[in-house]
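Subject: Structure for you to look at

Dear colleague,

I am handing over the structure we spoke about, and I would be glad if you could open it and keep it beside you while you read the rest of this email.

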Amino acid sequence: MKSKHIFLSLILSLMCVFSFAKEFSYEGKNCHLNVIYNETSYPGEAFWLRLIVSSNKKNKTYSFKANAQLKGEKVLSSSDFYSLNPDKKTKNVSEFLTGLPTWSTVKPEENTVITIKFTYNDEEESFEFPVNYNEKEYLEETIKLNSSLTDLVSKPSPEKKEQSRILNETLQTIDEKGVYELTGFIKPTTGTRITSEFGQTRTLVYNNGKKSPSYHAGIDYGIPEGSEIIACGAGKVVMARWRIVTGYSVIIEHLPGLYSIYYHLSELKCKEGDIVKKGQLVALSGKTGFATGPHLHWEIRLNSICLDPDSFLCNFTFQPLQAK
């Protein structure tokens with residue numbers, strides 16, 4: 001089953017990278033920059049930028065830092081680049097990567113551009129190029145809660161508050177050395193029945209008739225309890241524990257600031273600190289925490305912003321794929 005997942009992922013990656021990869025070149029004062037990127041994105045997705053820097057000064061070391069911004073009338077997203085080859089012996093060519101995520105609720109603006117600002121040996125430069133940031137509609141749904149689920153989400157709890165603090169702190173962490181996965185993700189389950197889409201705006205109806213707005217940050221797969229859940233990509237397990245609202249939960253770090261999340265599990269098959277491979281078993285599905293039935297909640301976060309998991313089922317980093 002694992003080999004089938006990876007084979008399908010490879011096919012999707014090839015289709016994706018050839019269909020949306022664009023290039024832009026800039027000649028700096030002391031270096032040449034080539035950017036590979038996706039020209040089109042939507043709210044709830046990300047622009048990914050792979051930056052190749054070639055030094056004009058042969059056999060000399062240099063310092064380089066860069067930041068990218070998605071801009072319309074205002075800055076919509078901003079992120080620093082991180083190195084993909086910090087230990088590479090060749091001193092004249094380096095590769096960097098970053099993603100510019102946007103919330104699904106952010107409305108596109110006209111004349112959207114990406115601006116890259118960089119410092120090369122303390123000399124600052126910048127350049128920009130246009131991109132397509134298009135509209136995308138998301139669904140709405142109403143969920144009626146019984147008394148136990150009403151209490152679970154509405155009653156204040158110091159333990160819930162502390163668990164939320166730890167979760168946010170984890171997802172806000174950007175470890176520049178945390179590069180584990182550079183190719184497209186695979187789905188964490190063989191199940192195909194989706195019970196709730198990413199980006200849905202929800203109205204929670206409590207058992208007393210009161211209503212509360214909510215937001216669905218991932219994709220829910222309706223699968224039998226005990227179904228195998230695999231890692232969507234290689235990475236480091238940064239959370240594998242019980243949480244009041246999400247039940248047994250697993251979070252995996254794949255790239256600096258990029259995390260996959262698996263909620264409402266019945267059993268953990270990994271522990272915090274584990275380095276896992278793409279397709280490796282990490283848990284069994286369940287209905288723990290805030291769940292109306294057995295399912296897997298699969299979520300992706302980049303720089304704390306939740307993104308459509310399906311947008312990662314391709315070679316989103318533009319990693320050269322080696323034939324096997």
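What follows is a short account of what was found, beginning with the strands and then turning to two single residues. Please bear in mind throughout that this is a predicted model.

**The strands**

A good place to begin is the open sheet, which is formed by four strands in the order 6-5-9-10, with antiparallel pairing. Strand 6 (75-80) and strand 10 (123-130) stand at the edges of this sheet, and because each has a single partner strand, one side of each is left without a neighbour in the sheet. From one strand to the next, the twist averages 15°.

Within this sheet, strand 5 (residues 64-71) pairs with strand 9 (residues 113-120) in the antiparallel sense, and the pairing extends over eight bridges. If you would like one position to look for, take Q69, whose bridge partner in strand 9 is T115.

Another antiparallel pair consists of strand 1 (residues 21-27) and strand 2 (residues 31-38), which are joined by seven bridges. A hairpin of three residues leads from strand 1 to strand 2, and here you can look for Y26, which has L33 as its bridge partner in strand 2.

**S285**

The residue S285 belongs to strand 22 (residues 281-285). Is S285 buried or exposed? Its relative accessibility is 0%, and since buried means under 20% relative accessible area, S285 counts as buried. A polar atom of the S285 side chain lies 2.8 Å from the backbone oxygen of P224. When neighbours within four places in sequence are left aside, the residues in contact with S285 include P224 itself, together with I223, E225 and G226, and also H264, L265 and S266.

**E181**

The residue E181, by contrast with a strand position, is found in the loop between helix 3 (158-171) and strand 13 (194-196). With a relative accessible area of 8%, E181 is buried. Which residues does E181 touch, not counting residues up to four places away in sequence? They are G233, A234, H254, L255 and K278. For G233, the separation from E181 is 52 residues in sequence, while in space the two are 6.1 Å apart, C-alpha to C-alpha. As for A234, its backbone nitrogen lies 2.9 Å from a polar atom of the E181 side chain.

With best wishes,
A colleague

Key: Residues numbered from 1 in each chain as written. Predicted model: local features only at pLDDT ≥ 70, side-chain atom pairs only at ≥ 80, totals over all residues. Heavy atoms only, no water. Pairing = 2+ DSSP bridges. Helix = DSSP H or I, 4+ residues; strand = E, 2+ residues; numbered from the N terminus. Axes fitted to C-alpha atoms, helices over the stretch in contact; angles between N-to-C directions. Buried < 20%, exposed > 50% of the residue type's maximum accessible area, 1.4 Å probe, protein only. Polar contact = N/O pair within 3.5 Å; in protein donor to acceptor, adjacent residues only side chain to side chain. Contact = heavy atoms within 4.5 Å.
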